[in-house]
Amino acid sequence: MRLSRTVLVPAFLVALAWAQFRESGLREIAARLEIQTEPRMPARVYLYKDGRPFRLSPVDALLPLRVDLFYRERLWRRSNDPATLEVTCNNISHFFLLKGAAGFDLPAGKYRIEAYRGLFFKPVSVEFELNAGATETVTLRMENWAGAESASWLSGDDHIHLVRAPEDDALFLKWMDAEDLSVANFLQLQRQMDAAAQYGFGPKAEARIPGRSIRPGHESRSEFFGHVNLLGGRELIRPLSLGTMYANGPETYPYPFVLFGMGRKLGATVGYAHFDGSTKHSALLMDVALGSIDFVEVFQFGSLRTEQWYELLNAGFKVTGVAGSDFPVSLNRSTRAEQWSRWIPLLGPERLLIKANAGESAYEAWARGIRNGEGMVTNGPMIEIDVNQEAGTARARAKFHRVLDSVELVANGRVLASSKGAEVAAKIPSQRPLWLAARADAGLLKAHTNPVYLGWTGEPALPEARQALARRWQDEIGYYRTAPLLFPSEEERTRFFQRAEQALARLKSSHQTP
């Protein structure tokens, strides 16, 4: 049955009037917040209403994280050119102004907004009030406490697990910009299935803008030998995982030494994750002794592993330290902590800083610094060391926007000089071999340079350190001889134990054979 025109027209007019009334009412109730950074730059922000966290709305892109070991989360977007990103984890929202400015519809009330950007910018906090029907513009004045000096450093996180498709690159690079992170290593891995999948590898799959790079690589995990990272290689090396914990079978080949050789041929920079691979048994000492690695992760989850690092150095081995977040595990852990700090970046909470020009690829310049043993690891302060062999002096210089508890020079693991100021100097000890480093502390925030080596011949600075490593590796060999290791052939099994014994011989020797 048709409705008469006399019924439809009045009904339409009533609906139109209601819509206009409702829109007018919403304009009177809602308030508009316009946020901008000054100078204009991407930043991470948090909003509070009456002292409690309050979500900014609407946002253009969303990354909901639920860490379950399989790393499958994908970016969601409602715009091809998003200005805002929300990352959620453990019921906490982290908002990013990807273009340094955005607008939001909010209820009237009293607010506070906080802004953060990487490690070189001071936190900003602004209180304001929104009135119904009005628009308020809030300017977040970002201050770089490191000044022009910050531009000479490339900052990198060697350990990020995020699914990446080509259409995601622009957004991820803007997110990195908001965290002031130069290099992000996105690592594919496996736990029964591929996880944090990358759409390609090597330079052809590197996403870059001036001064920033996303470079794919992979974390290869073995329940027998530990977790290792292969950064930036031209190809993915399979199998990605070994042992039934991570893979779908009991195979134990290729072990790290073999992987590192394959990776280096593909242009990868290689080393151990979680310092020693984070498994009960590790082949780290074998690879340190045989010189098959470029780095070890020494700074992660807020913990700087100086005791273990110094032991390797004192045993006569050059070991370059790097820093990596293991994101999103790091975010999952930190936001569960009672004293979680919003100062901590999501990407690159601990990072390796290399003093270099980015050139065409920030990744290539940063990775070159690792292979040269350069840079500093930090989650806050800056620290540098200057060694003048002619004058026989060493000097540490630190910088931070907070009060430093200490700035120290370290020689062969012992404090050579300490200061509560920003600088400290000392005469270089006559002992050789000698490694020197500088470190700075500001509570939980720390920085540490990679070592400078003097009179380095491969002899141990502390013979007892080399002896302790030899005993530990001897025990590991004993385990491997009885463990259910499955090699592709008896020849490969024999070759593994030959290399293991070769490493043991070097650990027992007073010299490090090249």
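What follows is a working chat about a predicted model of a protein.

User: Before any details, how many helices and strands does the protein have, and what box do the C-alpha atoms fill?

Analyst: Bearing in mind that this is a predicted model, the protein has ten helices and 32 strands. Along the principal axes, its C-alpha atoms fill a box of roughly 100 × 60 × 40 Å.

User: And what share of the residues counts as buried?

Analyst: Of the 514 residues of the protein, 56% count as buried.

User: Okay, cavities. How many of 30 Å³ or more are there?

Analyst: There are three cavities of 30 Å³ or more in the structure. The largest cavity has a volume of about 60 Å³, and of the 13 residues that line it, the closest to its centre are Ser220, Arg221, Ser222, Leu242 and Leu259.

User: Which elements supply at least two residues of that lining?

Analyst: Strand E16 (212-222), strand E17 (226-231), strand E18 (241-242) and helix H3 (256-265) each supply at least two residues to the lining of the largest cavity, and E16 gives the most, with three residues.

User: How does the lining of the largest cavity divide into nonpolar, polar and charged?

Analyst: The lining of the largest cavity divides into eight nonpolar residues, four polar ones and one charged one.

User: What about the second largest cavity, what volume does it have and which residues line it?

Analyst: The second largest cavity has a volume of about 50 Å³. Its lining is made up of Phe201, Gly217, His218, Leu230, Gly233, Glu235, Ile237, Gly263, Leu266 and Ala268, and by class this lining has five nonpolar, four polar and one charged residues.

User: Switching to helices: why is H8 described as largely enclosed?

Analyst: Helix H8 (residues 362-371) is largely enclosed by the rest of the structure because seven of its ten residues are buried. The buried residues in H8 are Ala362, Tyr363, Ala365, Trp366, Ala367, Gly369 and Ile370.

User: Which residue takes a positive phi just after H8?

Analyst: That is Gly373, which takes a positive phi of about 75° just after H8.

User: Now sheets. What order does the open sheet of three strands have?

Analyst: The order in this open sheet of three strands is E8-E1-E11, and the pairing is mixed. Strand E8 (101-107) and strand E11 (135-141) stand at the edges, where each has a single partner strand, so one side of each is left without a neighbour in the sheet. Neighbouring strands of this sheet are turned by 25° against each other on average, with direction ignored.

User: How many bridges join E1 to E11, and what stands opposite Arg32?

Analyst: Strand E1 (residues 30-38) is joined to E11 by seven bridges, and the two run parallel. Opposite Arg32 stands Thr135, which belongs to E11.

User: Salt bridges next. How many does a search of the whole structure find?

Analyst: A search of the whole structure finds 35 salt bridges. One of them is formed by Arg74 with Glu167, and its closest N and O atoms are 4.0 Å apart. Arg74 lies in the loop between strand E4 (61-64) and strand E5 (76-77), while Glu167 lies in the loop between strand E12 (153-160) and helix H2 (169-178), so the pair ties together parts that are 93 residues apart in sequence.

User: Buried or exposed, how do Arg74 and Glu167 count?

Analyst: Arg74 counts as partly exposed, at 32% relative accessibility, whereas Glu167 counts as exposed, at 53% relative accessibility.

User: And which residues does Glu384 form salt bridges with?

Analyst: Glu384 forms a salt bridge with Lys355, where the closest N and O atoms are 2.9 Å apart. This pair links distant parts of the chain, with Glu384 in strand E25 (residues 382-388) and Lys355 in strand E23 (residues 351-355), 29 residues apart. Glu384 also forms a salt bridge with Arg397, where the closest N and O atoms are 2.7 Å apart. Because Glu384 lies in strand E25 and Arg397 in strand E26 (residues 393-399), the pair ties together parts that are 13 residues apart in sequence.

User: How do those two partners count for accessibility, and which residues are linked in the network?

Analyst: Lys355 counts as partly exposed at 41% relative accessibility, and Arg397 is partly exposed with a relative accessible area of 33%. The network of salt bridges links Glu149, Lys355, Glu384, Arg397 and Lys399.

How values were computed:
Residues numbered from 1 in each chain as written. Predicted model: local features only at pLDDT ≥ 70, side-chain atom pairs only at ≥ 80, totals over all residues. Heavy atoms only, no water. 1 Å grid on protein atoms, 1.4 Å probe; cavity = no way out; pocket = protein on both sides within 12 Å on 5 of 7 lines; lining within 4 Å. Points joined across faces, edges and corners; volume = space filled by probe spheres on them. Helix = DSSP H or I, 4+ residues; strand = E, 2+ residues; numbered from the N terminus. Nonpolar A, V, L, I, M, F, W, Y, C, P; charged D, E, K, R; others polar. Buried < 20%, exposed > 50% of the residue type's maximum accessible area, 1.4 Å probe, protein only. Pairing = 2+ DSSP bridges. Axes fitted to C-alpha atoms, helices over the stretch in contact; angles between N-to-C directions. Salt bridge = Lys/Arg side-chain N within 4 Å of Asp/Glu carboxyl O.
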